[in-house]
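Happy to walk through this one with you. Take a look at the structure, and then we can go through it question by question.

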Amino acid sequence: MALFRLDGKRALVTGGSRGIGLAAAAQLRELGAEVIIAARDEATLRAAAQDIGARWVVADVSTLEGVQAAVDAAGPVDILVSNAGGPPPSLPSQVSGEAWQRGFETTFLSTVRLVDGVLPGMRERRWGRIIAITSLTVGRPSLNLPVSNAMRAAVTNHLKTLALEVAADGVTCNTVAPGYTATDRLKALHADPAQADALRARIPAHRFGEPGEVAAAITFLATTEAAYITGQEVLVDGGWGI
Ligand code: NAD
C-alpha cells in the first residue's frame with residue numbers, strides 16, 4: 001500500500017484561496033483527496049479552485065451562517081483545515097472592544113463552529129482529522145499581535161481538550177503553528193525591506209518559510225499514517241521557537 005495517500009477522503013480547507021490554506025489544499029489534492037476550499041472573495045476562490053482541481057464555496061467563517069454554508073456545501077468532511085486571516089496588529093493596551101470581538105469570531109469561534117459541523121460525521125465514520133492553523137505567537141507572544149496571541153492560545157487549548165474526548169473515535173485534533181512564512185499576510189505586516197531583512201536575520205534558519213513547507217506539516221497530519229498524533233502543536237518556524 002502506498003504511503004501518504006488520501007484517496008476517498010474529503011477535505012474542507014477554509015481560508016483556502018491563497019497563502020498557507022491554498023498550499024495545503026493543493027497538497028491534499030495531490031494525495032488524492034477531494035478538496036473544497038472556502039473564503040470570502042468569489043473571483044480569487046474560483047481561480048484558485050480551478051488551478052488545483054478543487055470545489056469552492058463563498059463563506060465568511062467569522063459568522064455562523066458562513067460556517068454553515070461551508071459545511072453544507074462540503075458534505076461529509078474527513079479532514080478539516082480551519083484557517084482564516086489573522087487579526088490586525090495593535091498594542092495590547094489599545095485593542096478596541098470591537099477588535100477583540102472580531103478576533104474572537106474570526107479566529108476562535110470559527111474553529112469551534114467548523115468543528116461542531118464536521119465532528120459528528122467523523123465520529124460516526126471513526127476517522128477524522130481536525131487541524132487548525134495558529135501561529136508562532138502561541139509560544140512566544142508578539143508585542144504587536146495581542147488578539148492573535150490570545151485567540152491562537154484559545155484554539156490550541158480547545159483542540160487539545162477535544163483531542164482527549166475523541167481520541168478513541170479515530171479523530172485526531174492538532175494545530176500547526178507557522179513561523180514567518182512568505183505569503184500576502186507576511187508581506188503586509190513587513191512591507192519595509194530593511195525591517196524584513198532584520199527579521200530574517202533573527203530567524204535561526206535565516207529565511208522566511210514557504211507556504212508549501214507549512215502545508216507539508218498540515219498534509220502529513222491529515223494522513224492515516226498520522227493516526228497516533230493528537231493534541232499536538234507542530235511549529236514550522238525555522239527554529240524561531242527554540
Ligand atoms: P493570507 O492572508 O495569505 O490568507 C488568508 C486566507 O484566509 C485567504 O484565503 C483569505 O481570503 C481567507 N480569509 C480571511 N478571512 C476569512 C474569513 N473571515 N472567512 C473565510 N476566509 C477568510 O494568510 P496566510 O499568510 O496564508 O496565513 C494563514 C494563517 O496563518 C493566518 O491566520 C495567519 O495569521 C497565520 N499565520 C501566518 C504567518 C505568516 O507569516 N504568513 C505567521 C503566523 C501565523
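Q: Which residues come nearest to the ligand?
A: This is a predicted model, so everything here is computed from it. There are 30 residues around the ligand. The ones that come nearest are Gly15, Gly19, Gly85, Gly86 and Arg185.

Q: Which elements give two or more residues to the shell around the ligand?
A: Two helices and a strand meet that mark. They are helix H1 (19-30), strand S2 (34-39) and helix H6 (184-189).

Q: How many residues of the shell around the ligand are charged?
A: The shell holds 11 nonpolar residues and 13 polar ones. Glycine counts as polar in this division. The charged residues of the shell number 6.

Q: In what order do the strands of the open sheet run?
A: The sheet is made of 7 strands, and their pairing is parallel. Neighbouring strands are turned by 20° against each other on average, direction ignored. Read across the sheet, the order is S3-S2-S1-S4-S5-S6-S7.

Q: Which strands stand at the edges of the sheet?
A: An edge strand here has a single partner strand, so one side of it is left without a neighbour in the sheet. That is the situation of strand S3 (55-58) and strand S7 (233-236).

Q: How many bridges join S1 to S2?
A: These two strands run parallel. One of the pairs puts arginine 10 with glutamate 34, its bridge partner in S2. The number of bridges joining S1 to S2 is 5.

Q: What is the bridge partner of leucine 12 in S4?
A: Strand S1 (residues 10-14) and strand S4 (residues 79-82) run parallel and are joined by 3 bridges. Alanine 11 stands opposite isoleucine 79 in S4. For leucine 12, the bridge partner is leucine 80.

Q: Which residue of S5 does isoleucine 79 stand opposite?
A: S4 is also joined to S5, by 4 bridges, and the two run parallel. In S5, isoleucine 79 stands opposite arginine 129.

Q: How many residues of S1 are buried?
A: In a regular strand the side chains alternate between the two faces of the sheet. On one side of S1 are Arg10, Leu12 and Thr14, on the other Ala11 and Val13, and all are buried. S1 is therefore largely enclosed by the rest of the structure, the count of buried residues being 5 of the 5.

Q: Which residues of S4 cover the two faces?
A: Both faces of S4 are covered, and the residues on each are buried. One side has Ile79 and Val81, and the other has Leu80 and Ser82.

Q: Which helix packs on the sheet, touching S1, S4, S5, S6 and S7?
A: Helix H5 (residues 146-166) lies across strand S5 (128-133), strand S6 (171-178) and S7, at about 160° to S6. The helix touching S1, S4, S5, S6 and S7 makes about 170° with the direction of S6, and it is helix H8 (residues 211-222).

Q: Which element gives the largest share of the largest nonpolar core?
A: In soluble globular proteins, nonpolar side chains tend to be buried together. The largest nonpolar core here has 64 residues, of which Leu12, Ile37, Leu80 and Ile218 touch the most other members. Contacts of isoleucine 37 include Val13, Leu45 and Trp56. The largest share of the core, 7 residues, comes from H1.

Q: Is arginine 126 buried or exposed?
A: Arginine 126 lies in the loop between helix H4 (97-125) and S5. Its phi is near 55°, a positive value in a residue other than glycine. Because it has 10 C-beta neighbours inside 10 Å, arginine 126 counts as exposed.

Q: What is the phi of histidine 206 near?
A: Histidine 206 sits in the loop between helix H7 (193-202) and H8. With 10 C-beta neighbours inside 10 Å, histidine 206 counts as exposed. Its phi is positive in a residue other than glycine, near 60°.

Q: How far apart in space are proline 76 and alanine 11, C-alpha to C-alpha?
A: Proline 76 lies in the loop between helix H3 (64-74) and S4, and it counts as partly exposed, with 13 C-beta neighbours inside 10 Å. Proline 76 touches Arg10 and Gly121, not counting residues up to four places away in sequence. Proline 76 and alanine 11 are 65 residues apart in sequence, and their distance in space is 9.0 Å.

How values were computed
Residues numbered from 1 in each chain as written. Predicted model: local features only at pLDDT ≥ 70, side-chain atom pairs only at ≥ 80, totals over all residues. Near = placed C-beta within 6 Å. Pairing = 2+ DSSP bridges. Axes fitted to C-alpha atoms, helices over the stretch in contact; angles between N-to-C directions. Contact = placed C-beta atoms within 7 Å. Buried ≥ 20, exposed ≤ 12 C-beta atoms within 10 Å, placed from the backbone. Core = buried A, V, L, I, M, F, W, Y, C linked by C-beta atoms within 7 Å.
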